[in-house]
Amino acid sequence: MPLLLTMSLLFAGFTASETARLRAVPHPSDVATPVSVIWIAAHPDDEAIVAPLLGKCAARRG
Amino acid sequence: MRCAFLILTRGEGGDCLLLNGCHPDIASVRSAEAGSASQYFKAGLILLSYPNTAGVDKPVWRTTSGDAPDVVTTVAHYIEAFHPSLVLTFDPRHGTTCHPDHMETGAIVLDAVKLLSYEPDVDLLETRVTFAFDPTVFSFAPAVAGLQRFDANEILTSTQTPAWSEITQDMERHPSQFDDSWLAAIQNVPFADRAVYLAPARDILRQQVPGCQ
């Protein structure tokens, strides 16, 4: 969360616990891209559910 | 991002939707489809041959025979060999679809990472997917509130298409499992629901997450 927004929440009268809870929720699409990932599943085709993330496999851009 | 798939079964428990049948057998066809999908994503593929259950009973993959390593050790060895920074698998409490194979896979992976020589990040898939048929309809939802959310409407730089379309691309590489009705159902998912939800295992396992009945 941007520092200015965090500060504004603090000064808006949020309790410490409320602020912590808000900071724990990442912004949409704030899923960090790892260096390498192994998807471990039970069946061929299970990866369909995570396919939007797998589109980030860097080798595809090579 | 360097990627690999570790798939514990060859999927012989699935139906065959190919008009001419699955020859020589469904396991062979689905193994080839796994190869095609991994090639699409430029991911490495490790395809094992534990038995695929019918989706009702818990699989018995932990039973060992002879001097073969148990499944937890086997999975740990493959993770160690690929040495990923992130291990991604199902939450054993719901397995996304409540399929017992998914749930057991998640449990095995959580045991396997305890055997590693290093500590990769471990994320659990917290997307819940339900199906309805006639017509086929998918529902995608987060398992609980407050999860990491990847917005699948995002345009991928690699393809210049929405990330959601990667699902269709993947399903088209599994024609024995997905026909046009499945592909249409994916396209009919509301834009607001097009997301993948993840959570670090160390955090989400401390929370109550609705399981399966």
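**Exercise 1. Strand β1 of chain A and its first neighbour**

Which residue of β1(B) is the bridge partner of A:Ser36? Trace the pairing of the two strands from there.

*Solution.*
Step 1. The model is a predicted one. In it, A:Ser36 has B:Arg2 as its bridge partner in β1(B).
Step 2. Further bridge partners in β1(B) are B:Leu6 for A:Ile40 and B:Ile7 for A:Ala41.
Step 3. These pairs belong to the pairing of β1 of chain A, residues 36-41, with β1 of chain B, residues 2-9. The two strands run in the parallel sense, and 6 bridges link them.
Step 4. Strands of a sheet pair through backbone hydrogen bonds, in a parallel or an antiparallel way.

**Exercise 2. The order of the sheet**

Give the order of the strands in the sheet and state which strands stand at its edges.

*Solution.*
Step 1. The sheet is open and has 7 strands, in the order β2(B)-β1(B)-β1(A)-β3(B)-β4(B)-β8(B)-β7(B). Its pairing is mixed.
Step 2. The edges are held by β2 (44-50) and β7 (148-151) of chain B; each has a single partner strand, so one side of each lacks a neighbour in the sheet.
Step 3. From one strand to the next, the twist averages 25 degrees.
Step 4. In this order, β1(A) stands between β1(B) and β3(B). On the β3(B) side, β1(A) is joined by 3 bridges and the two strands run parallel. One pair there is A:Ile38 with B:Val87.

**Exercise 3. Two β-α-β units in chain B**

Identify the right-handed β-α-β units that involve β1(B) and β3(B), and describe the strand pairing in each.

*Solution.*
Step 1. One unit consists of β1(B), helix α1 (residues 26-40) of chain B and β2(B), and it is right-handed.
Step 2. Its strands β1(B) and β2(B) run parallel and are joined by 5 bridges. Within this pairing, B:Phe5 is opposite B:Leu45 of β2(B).
Step 3. Another right-handed unit is made of β3(B), α3(B) and β4(B).
Step 4. Here β3(B) and β4(B) run parallel with 5 bridges between them; B:Leu86 has B:Asp121 as its bridge partner in β4(B).
Step 5. Helix α3 (residues 100-112) of chain B lies across β1 of chain A and across β1, β3 (86-90) and β4 (121-125) of chain B. Its angle to β3(B) is about 150 degrees.

**Exercise 4. Burial and the contact between the chains**

Are β1(B) and β3(B) enclosed or open to the outside? Relate the answer to the chain contact and the nonpolar core.

*Solution.*
Step 1. In β1(B), 7 of the 8 residues are buried, so this strand is largely enclosed by the rest of the structure. In β3(B), 5 of the 5 residues are buried, so β3(B) is also largely enclosed.
Step 2. The contact between the chains takes 35 residues from chain A and 59 residues from chain B. On the chain B side, β1(B) gives the most, with 8 residues.
Step 3. That side of chain B comprises 30 nonpolar, 17 polar and 12 charged residues.
Step 4. The largest nonpolar core has 61 residues, and A:Val50, B:Val75 and B:Val87 have the most contacts inside it. The largest share of this core, 6 residues, is from β1(B).
Step 5. A:Val50 touches residues of both chains: A:Trp39, B:Leu88, B:Leu125 and B:Val196, with residues up to four places away in sequence left out.
Step 6. Chain A has 3 helices and 1 strand, in the sequence pattern α-α-β-α. Of its 62 residues, 37% count as buried.

**Exercise 5. A proline in a loop**

Place B:Pro162 in the structure, and classify it as buried, partly exposed or exposed.

*Solution.*
Step 1. B:Pro162 is in the loop between β7 and α4 (165-172) of chain B.
Step 2. It has 19 other C-beta atoms within 10 Å. A residue counts as buried at 20 or more and as exposed at 12 or fewer, so B:Pro162 is partly exposed.
Step 3. Beyond its neighbours within four places in sequence, B:Pro162 contacts B:Ala152, B:Asn153, B:Glu154 and B:Ile155.
Step 4. For B:Ala152, which is 10 residues away along the chain, the C-alpha separation from B:Pro162 is 6.5 Å.

Technical notes:
Residues are numbered from 1 along each chain as its sequence is written. Chains are lettered from A and ligands numbered from 1 in the order in which they are written. This is a predicted model: local features need pLDDT of at least 70, side-chain atom pairs count only at pLDDT 80 or more; totals for chains, interfaces and linings use all residues. Two strands pair if DSSP finds at least two bridges between them. Helices (H or I, at least four residues) and strands (E, at least two) are DSSP runs, numbered from the N terminus. Axes are lines fitted to C-alpha atoms, for helices over the stretch in contact, and angles run from 0 to 180 degrees between N-to-C directions. Two residues are in contact if their C-beta atoms, placed from the backbone, lie within 7 Å. Ala, Val, Leu, Ile, Met, Phe, Trp, Tyr, Cys and Pro count as nonpolar, Asp, Glu, Lys and Arg as charged, and the others, Gly among them, as polar. A crossover is right-handed if, with the strands pointing away from the viewer, the path from the first strand over the helix to the second runs clockwise. A nonpolar core is a set of buried Ala, Val, Leu, Ile, Met, Phe, Trp, Tyr and Cys residues joined through C-beta atoms within 7 Å.
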